[in-house]
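The following note is intended for a colleague who is meeting this structure for the first time. Please read the numbered points alongside the model.

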Amino acid sequence: MIMFKHNYSILLVDDENCARKLIEDRINKMPYVTIAASLPNGFSAQKFLYEHVVDIVLTDIKMPLMDGLELAAFMQEFIPSCPKILISGHEEFKYAQKAIQYGVKDYLLKPLELRQVVDVRG
C-alpha cells in the first residue's frame, strides 16, 4: 500500500462517472490522503478552487464545459504552486505539449496507477 508522509487533499476531476468513482475508491484506501471533492468538469473545479485549498489536482483532459487543459491554465495563473496532474485515455503529444506550458507536474494515461501520484508534491 502506498503511504504518504503527510495528510494530502486531492481534487479529482473527471467527466466519466465510472472512472472517477474507481479512482476515488482507490485514493480513499490510501492513508493520509483525502478526496477534497470529486467533480465532473473543469468549470466545477474552478468554482471549487476559488473557495478551497487543495494539495493536488488530478484532472482528466477531455471534459465538457471546461477541459483539463483550460483548468491547468487557470491554475497556472491563479494558484501556480498547486501541483496539477493530467490524466487521459488518449496518448496525444499535443496534449502533453500544452500541459507543459501550463506547469503540469505529470501526464498520466488511464488506467491510472496511483503509485505514479506519490511523489507529485516532491
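1. A residue is called buried when its relative accessible area is under 20%, and exposed when that value is over 50%. The model discussed here is a predicted one. By this criterion Cys 82 is buried, because its relative accessibility is 7%. Cys 18, in contrast, has a relative accessible area of 70% and is therefore exposed.

2. On the question of cysteine bonding, a disulfide is a covalent bond between the sulfur atoms of two cysteines. A search covering the whole structure returns 0 disulfides.

3. Strand 4 comprises residues 84-88, and 5 of its 5 residues are buried, so this strand is largely enclosed by the rest of the structure. In a regular strand the side chains alternate between the two faces of the sheet. Within strand 4, Lys 84, Leu 86 and Ser 88 point one way, while Ile 85 and Ile 87 point the other way; all of them are buried.

4. How does strand 4 pair with strand 3? Strand 3, residues 56-60, runs parallel to strand 4, and the pairing extends over 4 bridges. In this arrangement Asp 60 stands opposite Ile 87 of strand 4. Between the two strands the chain passes through helix 3 (residues 68-78), forming a β-α-β crossover that is right-handed.

5. Thr 59 belongs to strand 3. With a relative accessible area of 2%, Thr 59 is buried. Which residues is Thr 59 in contact with, leaving aside its neighbours within four places in sequence? They are Val 13, Gly 68, Leu 71, Ile 85, Leu 86 and Ile 87.

6. Helix 2 spans residues 42-51, and its buried residues are Gly 42, Ala 45, Gln 46, Phe 48 and Leu 49. These residues lie on the same side of helix 2, because they cover an arc of only 165 degrees around the axis. On the other side of helix 2, Tyr 50 and Glu 51 are exposed.

7. What covers the buried residues of helix 2? The covering elements include strand 1 (8-13), strand 2 (33-39), strand 3 and helix 3. Strand 3 and helix 3 are also parts of the crossover that leads to strand 4.

8. A final point concerns the start of helix 2. There, a side-chain oxygen of Asn 41 comes to within 3.0 Å of the backbone nitrogen of Phe 43.

Conventions. Residues numbered from 1 in each chain as written. Predicted model: local features only at pLDDT ≥ 70, side-chain atom pairs only at ≥ 80, totals over all residues. Heavy atoms only, no water. Disulfide = S-S within 2.5 Å. Buried < 20%, exposed > 50% of the residue type's maximum accessible area, 1.4 Å probe, protein only. Pairing = 2+ DSSP bridges. Right-handed = clockwise from strand over helix to strand, strands pointing away. Arc of directions from axis to C-beta. Contact = heavy atoms within 4.5 Å. Polar contact = N/O pair within 3.5 Å; in protein donor to acceptor, adjacent residues only side chain to side chain.
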